[in-house]
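Got the viewer open? Let's take a walk through this one, a stop at a time.

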Amino acid sequence: MDWKITSKPVDTYELTPTDTQHEYIVYVKDATGTNIDGALAYGITDRTKVTKEFISKYGTNIDKIEHEE
């Protein structure tokens, strides 16, 4: 159905002077680009978890996954 999961960083947190973590917004978008669902994710591991949850929920509709770093 030409839906896609997209993510992009929206903020960066300094955990220690040498370690940072990004906050991501993860969306499910339909073929017209309308947001169907969304969630915040904290770090790559959480972004992966959110992406898998969206795949589980909307799997038959998802054709593409795009992550911005």
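Is T6 buried or exposed? Select T6 and switch on the surface: T6 has 13% relative accessibility, so T6 counts as buried. Here buried means under 20% relative accessible area, exposed means over 50%, and partly exposed is in between, using a 1.4 Å probe and protein chains only.

Before going on, a word on what you are looking at. This is a predicted model, in which local features need pLDDT of at least 70 and side-chain atom pairs count only at pLDDT 80 or more, while totals for chains, interfaces and linings use all residues. Residues are numbered from 1 along each chain as its sequence is written, and side-chain values use heavy atoms, with hydrogens and water left out.

**Stop 1: the whole chain**

Zoom out and colour by secondary structure. You should find one helix and four strands, in the order β-β-β-α-β from the N terminus. Helices (H or I, at least four residues) and strands (E, at least two) are DSSP runs, numbered from the N terminus. The C-alpha atoms fill a box of roughly 45 × 20 × 15 Å along the principal axes.

Now show the surface of the protein. Its accessible area is about 4,500 Å², and 50% of that belongs to carbon and sulfur atoms. Those areas come from the Shrake-Rupley method with a 1.4 Å probe, and for residues only the protein chains shown count as cover. Of the 69 residues, 28% count as buried.

**Stop 2: strand 1**

Go back to T6, which sits in strand 1. Show what surrounds T6: leaving aside neighbours within four places in sequence, T6 is in contact with I25, V26, Y27, K29 and E66. Contact means heavy atoms within 4.5 Å.

Slide along to Y13, also placed in strand 1. Y13 is partly exposed, with a relative accessible area of 33%. Not counting residues up to four places away in sequence, Y13 touches D19, T20, Q21, E23 and Y42. Try the distance tool on Y13 and E23: they are ten residues apart in sequence and 7.6 Å apart in space, C-alpha to C-alpha.

**Stop 3: the core**

Which residues make up the largest nonpolar core? Select W3, I5, Y24, V26, V28, A41, V50, F54, Y58 and I62, ten residues in all. Strand 1 (3–16), strand 2 (19–29) and helix 1 (43–58) each supply at least two residues of this core. A nonpolar core is a set of buried Ala, Val, Leu, Ile, Met, Phe, Trp, Tyr and Cys residues joined through side-chain atoms within 4.5 Å. In soluble globular proteins, nonpolar side chains tend to be buried together.

Pick V50 out of that set. V50 lies in helix 1 and is buried, with a relative accessible area of 7%. Where does V50 make contact beyond its neighbours within four places in sequence? Look at V26, A39, L40 and A41. V50 and I25 are 25 residues apart in sequence, yet 9.8 Å apart in space, C-alpha to C-alpha.

Contacts like these can be counted across the protein. Among contacts with a separation of 6 or more, residues 24 or more positions apart account for 38%.

**Stop 4: the salt bridges**

How many salt bridges does the structure hold? There are four, a salt bridge being a side-chain nitrogen of Lys or Arg within 4 Å of a carboxyl oxygen of Asp or Glu.

Start with E66 and K4, whose side chains meet at 3.4 Å, N to O. E66 is in strand 4 (residues 62–67) and K4 in strand 1, so this bridge links parts of the chain 62 residues apart. E66 is partly exposed at 31% relative accessibility, and K4 is partly exposed too, with a relative accessible area of 27%.Next, show D37 and K57, which meet in a salt bridge of 3.2 Å, N to O. This pair links distant parts of the chain, with D37 in strand 3 (residues 35–42) and K57 in helix 1, 20 residues apart. K57 is exposed, at a relative accessible area of 56%.

Then select E69 and R47, joined by a salt bridge of 3.0 Å, N to O. E69 lies in the segment after strand 4 and R47 in helix 1, so the pair ties together parts 22 residues apart in sequence. E69 is exposed, with a relative accessible area of 61%, whereas R47 is buried at 6%.

For a last selection, take K4, K64 and E66: salt bridges that share partners join them into one network.
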